[in-house]
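Subject: Structure handover

Hello,

Here is the structure for your files. Please open it next to this email; my notes follow below.

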Amino acid sequence: MLEHFIDSPPPSHLHNWQEWRGTTFLLPGYPRALVQEQVPTPRHRFFADLMLDARELLPASLWPLRRLFAGRRIVVELESGGVSVSKFRRHLAQPLLLAPEEDTDEAVLLMVCRRPPRSRLRFHAAVKLEPGVWQIPRGRRGAAYVVVPGLLEAKPGYALLRGVFASRNAAEANERMRHILTDPMLPSDVREELLGRIRRQEVPMTEQELNAVLDGLDEEFRALPPSPYRDYLGRWYMRRGRKEARQEGEARGMLLAALNIAKKLLPSHEVEQLQALSPEQALETLTQRLQAR
């Protein structure tokens with residue numbers, strides 16, 4: 001679950017935090033005139049998350065998959081949970097159901113899933129194109145693709161797509177946020193728009209992801225003009241600093257305790273050896289040494 005550092009609810013046209021997060025990472029720098037959100041399906045009681053007109057311009061997040069989506073209208077569905085049989089079939093039908101009468105161009109479906117819907121992929125004889133990307137053969141009914149961001153390789157160009165869903169742990173957060181900060185194929189203006197929205201607290205992020213972004217933006221933070229957000233970041237850094245200092249103090253205390261015991265029980269040359277170790281290693285070595293006595 002996302003641990004938000006923003007207090008406002010998602011925009012009214014988006015249903016939940018996941019849609020807000022996904023839309024933010026999929027579309028930074030993309031003209032809003034080419035996007036429809038929560039598109040209603042005529043004669044049906046459901047909405048498509050997004051409709052993109054990539055016949056004019058493809059979002060930077062999809063550049064690595066341009067061979068699949070360039071020059072097409074794209075129906076996008078974001079699935080943070082499981083996908084039922086009925087929902088999966090409905091998504092497959094959406095490119096046909098959403099086509100305007102005056103626009104006969106065939107749309108393509110992009111289903112972005114947090115977890116791979118393996119049974120659905122097997123049932124529809126999906127073809128794996130690369131790690132995290134499947135194509136569902138549909139003959140003359142148009143193309144459909146399933147993308148699982150967590151399975152995509154950390155290659156140039158994939159940074160935005162890999163960030164669509166929240167990271168699961170600190171290691172993943174550090175790796176994905178670092179990818180966003182260093183991806184050579186991510187245009188600088190697109191990166192700056194996304195980072196600007198993060199600075200303005202406009203993107204749902206986990207605490208671990210925010211830590212990772214702040215670690216990569218130390219220099220930028222120091223250059224920020226005075227503002228409520230700069231004060232917020234300053235308080236965040238202070239909390240982290242106090243925590244790290246407390247942990248360092250505990251570690252030093254462990255080392256001092258271990259050395260005091262060693263000085264009373266071991267020869268001086270062994271005490272010197274212990275002083276060269278980390279607190280955890282010194283304590284473990286001392287324990288083993290005393291057990292052997």
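A residue counts as buried when its relative accessible area is under 20%. By that cut-off, 46% of the 293 residues in the protein chain are buried. Keep in mind that this is a predicted model.

**Overall**

The mean pLDDT of the protein chain is 76. A value of 70 or more is reached by 68% of its residues. Residues 1-14 stay under 50. The model still has 38 contacts for that stretch beyond four places in sequence. The chain holds twelve helices and seven strands. Take the contacts between residues at least 6 apart in sequence: 60% of them join residues at least 24 apart.

**Strand β3 and its partners**

Start with β3, residues 73-79. Seven of its seven residues are buried, so the rest of the structure largely encloses this strand. Which residues cover the two faces of β3? On one side sit R73, V75, E77 and E79. On the other are I74, V76 and L78. Both sets are buried, charged residues included in the first case as listed.

β3 has strand partners to look at. β2 (residues 47-53) runs antiparallel to β3, and four bridges join them. M51 has V75 of β3 as its bridge partner. β4 (residues 107-113) pairs with β3 in the parallel sense, over seven bridges. There, V76 stands opposite L110 of β4.

**From α4 to β7**

A125 sits in the loop between α4 (118-123) and β5 (127-130). Its phi is positive, about 50 degrees, although A125 is not a glycine. Have a look at that one.

β5 and β6 then form a hairpin, with two residues between them. G132 lies in the turn and has a positive phi of about 85 degrees. β6 covers residues 133-136 and runs antiparallel to β5, with three bridges joining the two. K128 stands opposite W134 of β6. β6 also pairs with β7 (residues 144-147), again in the antiparallel sense, over four bridges. In that pairing, Q135 faces Y145 of β7.

**Helices α6 and α7**

How do α6 and α7 cross? Their axes come within 9 Å and cross at roughly 135 degrees. That angle makes α6 oblique to α7, because it falls outside the ranges for roughly parallel, roughly perpendicular and roughly antiparallel, the last of which starts over 145. I180, L181 and T182 of α6 meet R191, L194 and L195 of α7.

α7 has twelve residues, 188-199. At 1.5 Å a residue it should span 16 Å, and its end C-alpha atoms are 16 Å apart, so the two agree. Its buried residues are V190, R191, L194, L195, G196, I198 and R199. An α-helix has 3.6 residues a turn, so residues three or four places apart point the same way. After α7 comes Q201, whose phi is positive, near 60 degrees.

**Around α6 and α8**

R176 belongs to α6, residues 170-182. Is R176 buried or exposed? Its relative accessible area is 5%, so R176 is buried. Beyond four places in sequence, R176 touches P149, G150, R162, F165, A166 and S167.

E209 lies in α8, residues 207-216. E209 is buried too, with a relative accessible area of 0%. Its contacts, leaving aside neighbours within four places in sequence, are R21, F165, A166, S167, A173 and M177. F165, A166 and S167 thus appear in the contacts of both R176 and E209. E209 and R178 are 31 residues apart in sequence, yet 9.9 Å apart in space, C-alpha to C-alpha.

N169 is in the loop between α5 (159-162) and α6. At 36% relative accessibility, N169 counts as partly exposed. N169 and Q208 lie 39 residues apart in sequence and 7.1 Å apart in space, C-alpha to C-alpha.

Best wishes

Notes. Residues numbered from 1 in each chain as written. Predicted model: local features only at pLDDT ≥ 70, side-chain atom pairs only at ≥ 80, totals over all residues. Heavy atoms only, no water. Expected span 1.5 Å × (residues − 1). Buried < 20%, exposed > 50% of the residue type's maximum accessible area, 1.4 Å probe, protein only. Pairing = 2+ DSSP bridges. Contact = heavy atoms within 4.5 Å. pLDDT = per-residue confidence, 0-100. Axes fitted to C-alpha atoms, helices over the stretch in contact; angles between N-to-C directions. Parallel < 35°, antiparallel > 145°, perpendicular 65-115°, else oblique.
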